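Thanks for making time for this one. I have a single model to go through, and I will put it up now.

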Amino acid sequence: MTRTALVTGGSRGIGAAISKALKAEGHTVAATYAGNDEAAAAFTKETGIQTYKWNVADYEESAAGIAKVEADLGPIDIVVANAGITRDAPFHKMTPDQWKEVIDTNLTGVFNTVHPVWPGMRERKFGRVIVISSINGQKGQFAQVNYAATKAGDLGIVKSLAQEGARAGITANAICPGYIATEMVMAVPEKVRESIIAQIPAGRLGEPEEIARCVAFLASDDSQFINGSTISANGAQFFV
Ligand SMILES: NC(=O)c1ccc[n+]([C@@H]2O[C@H](COP(=O)([O-])OP(=O)(O)OC[C@H]3O[C@@H](n4cnc5c(N)ncnc54)[C@H](OP(=O)(O)O)[C@@H]3O)[C@@H](O)[C@H]2O)c1
């Protein structure tokens, strides 16, 4: 069955691959972004997928943006909370601003994205909530106290939502990507990237499409009994 899907941060990186994969499944997709108008316009030109700009850290903006998407494209049955940022620093140098920006975007942003669509999913007795967490939420990471806290928080969110939504036909699951070849990872110095790859038994970075295929499955009607789970997609780098 084809449905309407919302992908936050869906115009670049992993999110862009997710938006395209959901479109390829026949779904109508809305992709959001924060401020990179040029990338969003190029994405729409390439894919025909509509983009919407709002800050996921702001509840009122998110609710208004979601209302606009639903007015344009119909009720949202699939929501992929993917938008995320890093503001890395060792803990003794991490500023309260670096902490707050990451919490507001990566963690509160998930609340702001899912909360406005939840009542409609309950009413229609169908919903798919997919949150893009991270390997670093599972194992922690040097200089990422803020980021790891949000990504571990994602796992608590989906496990709780799964219990609340199960009887209403709603599933909530998380995907924990390992290191994926996006701008976020390609921006780190080459030496650091090489040392990252050396820790991945698969001997390579993951591709955004490999995460997108997990999302497409979790978004499908076939995945109904998978609820509250965490899929690790990390080339055997870490096991929970
Ligand atoms: N790349 C990896 O190796 C990796 C590994 C594990 C987990 N992840 C997670 O996967 C997700 C996607 O990562 P990525 O590497 O694809 O990131 P990316 O290439 O940097 O793209 C981030 C996307 O999120 C949007 N965004 C950022 N802040 C936002 C905000 N406040 N409001 C709305 N949209 C916002 C960006 O919009 P603009 O285009 O306007 O900036 C962009 O579309 C993140 O949650 C990240 O933590 C990534």
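**A salt-bridge network and its surroundings**

I start with the side chains of Asp77 and Arg124, which meet in a salt bridge, 3.0 Å from N to O. This pair links distant parts of the chain: Asp77 sits in strand E4 and Arg124 in helix H5, 47 residues apart. Asp77 is buried, with a relative accessible area of 11%, while Arg124, at 34% relative accessibility, counts as partly exposed. Salt bridges with shared partners join Arg3, Asp77, Arg124 and Asp221 into one network.

Before going on, please keep in mind that this is a predicted model.

Where does Arg3 come into that network? Arg3 forms a salt bridge with Asp77, and there the closest N and O atoms are 3.6 Å apart. This pair, too, links distant parts of the chain, with Arg3 in the segment before strand E1, which covers 4-7, and Asp77 in strand E4, residues 76-81. The separation in sequence is 74 residues. Arg3 and Asp77 are both buried.

How many salt bridges are there in the model? The count comes to ten. One that I want to set beside the network is a local pair, Lys68 and Asp72, whose side chains meet at 3.0 Å, N to O. Both residues belong to helix H3, residues 59-73, and because they are four residues apart, about one helical turn separates them. The general point is that an α-helix has 3.6 residues a turn, so residues three or four places apart point the same way. As for exposure, Lys68 is partly exposed at a relative accessible area of 46%, and Asp72 is partly exposed at 36%.

Next, the annotation and the helix I find useful for orientation. The unreviewed UniProt entry carries the annotation "domain: Ketoreductase" over residues 3-178. Across residues 3-178 the chain is 51% helix and 19% strand, and the C-alpha atoms at the two ends are 28 Å apart.

Within that range is helix H7, residues 145-165. H7 has 21 residues and reaches 30 Å from its first C-alpha to its last, close to the 30 Å expected at 1.5 Å a residue. Which residues of H7 are buried? They are Asn146, Tyr147, Ala148, Thr150, Lys151, Asp154, Leu155, Val158, Leu161, Ala162 and Gly165. What do those buried residues pack against? On the helical side, the partners are H4 (96-114), H5 (118-124) and H6 (135-139). On the strand side, they are E5 (127-132), E6 (170-177) and E7 (230-233). H5 is therefore a packing partner of H7 as well as the helix that holds Arg124 of the network, if you take H5 by its DSSP limits.

Now the ligand. Around the ligand there are 29 residues, and the closest are Arg12, Ile14, Gly35, Asn82 and Tyr147. Tyr147 was also in the list of buried H7 residues. Three contacts to backbone atoms are worth reading out. A backbone N or O atom of Val56 lies 3.0 Å from a nitrogen atom of the ligand. A polar backbone atom of Asn82 is 2.7 Å from an oxygen atom of the ligand. For Ile180, a backbone N or O atom lies 2.8 Å from an oxygen atom of the ligand.

Back to strand E1, where Leu6 is found. Is Leu6 buried or exposed? Leu6 is buried, with a relative accessible area of 0%. Leaving out residues up to four places away in sequence, Leu6 touches Ala30, Thr32, Trp54, Ile66, Val69, Ile76, Ile78, Val79, Val80 and Thr113. For a sense of distance, Leu6 and Ile103 are 97 residues apart in sequence and 21 Å apart in space, C-alpha to C-alpha.

Last, two backbone angles to look at. Lys125 has a positive phi of about 60° although it is not a glycine. Lys125 is found in the loop between H5 and E5, and at 54% relative accessibility Lys125 counts as exposed. The other residue is Ala236, not a glycine either, with a positive phi near 70°. Ala236 is in the segment after E7 and is partly exposed, with a relative accessible area of 34%.

That is what I had; I will leave the model on the screen for discussion.

How values were computed:
Residues are numbered from 1 along each chain as its sequence is written. This is a predicted model: local features need pLDDT of at least 70, side-chain atom pairs count only at pLDDT 80 or more; totals for chains, interfaces and linings use all residues. Side-chain values use heavy atoms; hydrogens and water are left out. UniProt positions are given in the numbering used here, feature names are shortened, and annotations may be inferred rather than shown by experiment. The expected span of a helix is 1.5 Å times one less than its number of residues. Buried means under 20% relative accessible area, exposed over 50%, partly exposed in between (1.4 Å probe, protein chains only). Contact means heavy atoms within 4.5 Å. A salt bridge is a side-chain nitrogen of Lys or Arg within 4 Å of a carboxyl oxygen of Asp or Glu. A residue is near a molecule or strand if one of its heavy atoms lies within 4 Å of it. A polar contact is a pair of N or O atoms within 3.5 Å; within protein, one must be able to donate a hydrogen and the other to accept it, and residues adjacent in sequence count only if both atoms are side-chain atoms.
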